[in-house]
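Subject: Structure for your review

Dear colleague,

Please find below the sequence and the structure that I would like to hand over to you. My notes on what was found follow directly after.

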Amino acid sequence: MTDAAHTPASLTPARTRVAPSPTGDPHVGTAYMALFDLAWARKTGGRFVLRIEDTDQARYVEGSEQQIFDTLTWLGLTYDEGPDVGGQHGPYRQSERLDTYKPYVEQLIADGHAYYCWCSTERLAAMRELQQKTKQPTGYDRLCHGKTREERAQLPGFTDKPVVRMLIPDDVELRFQDVIRGWVSAPRPDDQVILKADGFPTYHLAVVVDDHLMGITTVVRGEEWISSTPKHVLLHQWLGWELPQFAHMPLLRNPDKSKISKRKNPAARLTWFREEGYLPEALLNFLQLVGYPPVADGQEVSTFEEFVERFDWTKVNTVGPIFDMDKLNWLNGHYIRALSPEDLAGRIVEHLVRRGELPGQPTEEQMRLVTAATPLVQERMQTLAEAGPMLGFLFVTDDELAYDADSVAALKEDAPQVLDASIEALTALEDFTAAPIQAALRARLCEDLGIKPKFAFAPARVGVTGRRVSPPLFESMEILGKDSTLTRLRRLRAQL
């Protein structure tokens, strides 16, 4: 529930943060939030902070934190402070800040804003079940409120390891200002647990304390946190702290409007885009378009600098934006075609090495061949991953080239004779460049033997590249050179 009244976001230097949890592959939403965080920090001449929220030790995944560092750096979403770069407001991992939270919990208890709860998990489960069956509002029933440990121990469902809960007042304010949405109304909160039995703070306490101590002025997060904001506002007020600005971003959605999740959609994993050969500049451009209008009608290609230049929170799209892979593929193809052949060849090789499709760094000769062949495939590519099958024939010696079994099986019965004629025509050539190669093969195969071009060049294509589908054949032969071309054709002929 919103109304249109906005308080414009201040242009004083902002401190923003992205705060992912290391519970597996980083979610694409982390990059989406970080993009807007960084844009606002750069627009105002402020600072962008990375904080790792790792208080949920049960879900911690080894290596996940490094993936967060690597993917944000790969995308160019460079943070000014964080666990791996340091800063004046560290430590930047919540697990290293545990002693920070306890004094605030004690202050809230002393001021009557929080209380100990000794209810066992079994009692809480039974309470919720009864509430649902009798259609009562769900929430903690405050059995422990106002009782000493001894008084509570006389009642059923007691555990000697208490949690600490907020005491939500009856007159809690449920409306707050959002720089994207204006006035927002949230549902009434429950008596939220703020300190768990293991001594770790819950998200709700830790995020408020950390944002305050790190000087965060604009809290950018997904709209699923709207319902929690009244709790966070209360904690700020009780602790006597100034409220940050809130910017609740719409959630990324699948084409069927469902929330994009790592369980159902591989594109929810941020590392997936790198694995599949997307360029960081294309993905960044795409994430801009997902949540924000283009620079101008029909102009969807824009740089991060242009995005920062015209950034305004009130222009953020509040309707759940659709993650349109067709648009991302189109954008990625556009950025690939805009690269120089040398730059693209370098990125192709780096991608193939990372994917394990190349055993190691290619030789100088292989790099020369790939750079020469890159313009042949540049117009056809939408992702770097597509280059491997098309250019793989350049990374092997003539003796190592593997012939794709399906491609060989699809050749016609006259393939041996066609290869003999091709070898004969090419052996006689002195100028081994694309135009004379094409002329010689057409004359011998199409005119002399009467074979249609569609079938005439298939045996030579498989012989040279190992596959039916490849970059332009005659240019590929020119790049390989006469000796390699003839060696490969004779190898295939010997196998047929």
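In which sense do strand S3 and strand S4 pair, and over how many bridges? In this predicted model, S3 and S4 are antiparallel partners, joined over 5 bridges. You can locate S3 at residues 114-119 and S4 at residues 158-166. One place to begin is cysteine 119, whose bridge partner in S4 is phenylalanine 158. S3 is also mostly covered, since 5 of its 6 residues are buried. When you look along the strands, please keep in mind that side chains in a regular strand alternate between the two faces of the sheet.

The interior comes next. The largest nonpolar core has 108 residues, and Phe36, Phe273 and Trp313 have the most contacts inside it. Helix H1, residues 28-44, gives the most to this core, contributing 11 residues. A second core, separate from that one, has 22 residues, among them Leu108, Met166, Leu195 and Ala206.

Met166 is also a useful link to glutamine 192, which touches Met166 as well as Val164, Arg165, His204 and Lys231, leaving aside residues up to four places away in sequence. Glutamine 192 sits in the loop between strand S6 (182-185) and strand S7 (193-195). Is glutamine 192 buried or exposed? Its relative accessibility is 18%, and because the cut-off for buried is under 20%, glutamine 192 counts as buried.

Some features of the backbone also deserve your attention. Most residues other than glycine have a negative phi, and most peptide bonds are trans. Against that background, please examine the following places.

- Glycine 90 and proline 91 are joined by a cis peptide bond, with omega at about -5 degrees. Proline 91 belongs to the loop between helix H2 (64-75) and helix H3 (98-110).
- Lysine 135 is not a glycine, yet its phi is positive, at about 55 degrees. The loop that holds lysine 135 runs between helix H4 (121-133) and helix H5 (149-153). Lysine 135 is exposed, with a relative accessible area of 74%.
- Arginine 142, likewise a residue other than glycine, has a positive phi near 65 degrees. Arginine 142 is found in the loop between H4 and H5. With 28% relative accessibility, arginine 142 counts as partly exposed.

I would suggest viewing these places in the order given above.

Yours sincerely,
A colleague

Terms used: Residues numbered from 1 in each chain as written. Predicted model: local features only at pLDDT ≥ 70, side-chain atom pairs only at ≥ 80, totals over all residues. Heavy atoms only, no water. Buried < 20%, exposed > 50% of the residue type's maximum accessible area, 1.4 Å probe, protein only. Helix = DSSP H or I, 4+ residues; strand = E, 2+ residues; numbered from the N terminus. Pairing = 2+ DSSP bridges. Core = buried A, V, L, I, M, F, W, Y, C linked by side-chain atoms within 4.5 Å. Contact = heavy atoms within 4.5 Å.
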